[in-house]
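Q: I'd like a close look at one part of this model, please. Could you take me through a single residue and then its surroundings?
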Amino acid sequence: MVRRIDVTGAGGVRLAAWEFGDAPKADPAKDPGEGTPDAGEAGDVPGGHGTPGVLLLHGLMGRASHWASTARWLRERHRAVALDQRGHGQSDKPPRAAFTREAYVADAEAAVEQLGLGPAVLVGHAMGALTAWQLAAKRPDLVRGVIICDMRASALGAASQREWDEWFRAWPLPFATLADVRKWFGEDDPWVERPNPSRGEFYAEVMTECPDGWRPVFEPEQMLRSRETWVYDAHWEELAQVRCPALVVRGLDGELGRAEAQEMVRVLPRGQYAEVAEAGHLVHYDQPEAWRAAVEPFLDACAAQ
C-alpha cells in the first residue's frame, strides 16, 4: 500500500510525500502495547522501540515513485517515505516559487518534522543527495545517517549548465507514446553513449499524457533554475559539517568519479564508500539488487544506533 501525505514546505508550497506500506509494528516482547507511529508521531519512539524513519529524496527531474523498489524492501524494517520535491511529481509547481538550495533543504526539513521521521536516515540521489547532506549539516538533530548516491561535491560550472539547456531543447516533444519516450531516452538521445533501457524507464515515469501527446510532469525551465543554484559552487565545506555516518555510493559508469568519491569520504567526518558495478548515474534503477546490497548494511547499522 502507498498512501499520500501532504507536507507544507518553505513558502507554503504543498509537497506530496508517499509512505510505502504500513510501517512495521514494534516488537511486543520489547514494548508491550506499543503500536506503529502514525504520520505526525515520532518515527523513532523515545527509548528505541519505534520504527526508524527513512526519507528518500529523488534527483533533478525525478519523482518519489522512482524509489518504489527501494521502499518495498525498506519497509520490512523501516518507515520509508519518499518526497516529491517542489516542482516535481505531484508536488506544487508554482511559477514564482523559490527553487533555491535553501528552499529544497527547508522542504526536506519540513518533511522530516511534519511526518515525525526524525532522527531519520536521508537517502538521496543526485540533487536529492546534495539536499540530504546540506540538511544533515544544518540540522544534525534530525538526521542519523545520510546515503549520497552519485552526486559530486565539486563545482560543475557554466559549461555544464549550457549543455543542460541545449539538452532540454533537443527533446522531441511531445512524444506520441510512452514507447517513444523509452526509445528516445534509452537509445536515441544523443547524450547517451550506449543503449540503456533503465534510463528509458526512468524518463517514462516522469511523463504525463496531454491532449497532444506525452510531456514531462515538470517544467524544464524550473529544472534549470533549480540546477543553477548548485552547479557554480563547490560543496565540500558542507560535507565536512556532516557529523552523522555517511555512505557515498557511486555507479562505476556514473557521473561521480572514484577519485572524487573517495575524497568526499575523506572529507566526511564519518564517511564510508561503496560502488556498484555495471551501473551508471541511475544506480538504483540500473542494478536494484546490487544497490540494496551496497546500502542495506549501512541502513541497518544506523537503525541500531
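Leaving aside neighbours within four places in sequence, which residues is Thr-131 in contact with?

A: Happy to help. This is a predicted model, in which local features need pLDDT of at least 70 and side-chain atom pairs count only at pLDDT 80 or more, while totals for chains, interfaces and linings use all residues. Residues are numbered from 1 along each chain as its sequence is written, and side-chain values use heavy atoms, with hydrogens and water left out.

Beyond its neighbours within four places in sequence, Thr-131 is in contact (heavy atoms within 4.5 Å) with Leu-57, Gln-85, Arg-101, Tyr-104, Val-105 and Ala-108. Thr-131 has a relative accessible area of 0%, so this residue counts as buried (under 20% relative accessible area, with exposed over 50% and partly exposed in between; 1.4 Å probe, protein chains only).

Thr-131 sits in helix H3, residues 127-138. Helices here are DSSP runs of H or I with at least four residues, strands are E runs of at least two, and both are numbered from the N terminus. Of the 12 residues in H3, 11 are buried, among them Met-127, Trp-133 and Ala-137. The buried residues of H3 pack against several elements, including strand E3 (53-57), helix H2 (101-114) and helix H9 (258-267).

Now the wider setting. The largest nonpolar core (buried Ala, Val, Leu, Ile, Met, Phe, Trp, Tyr and Cys residues joined through side-chain atoms within 4.5 Å) has 68 residues, and Trp-133 is one of those touching the most other members. H3 gives the most to this core, with 8 residues.
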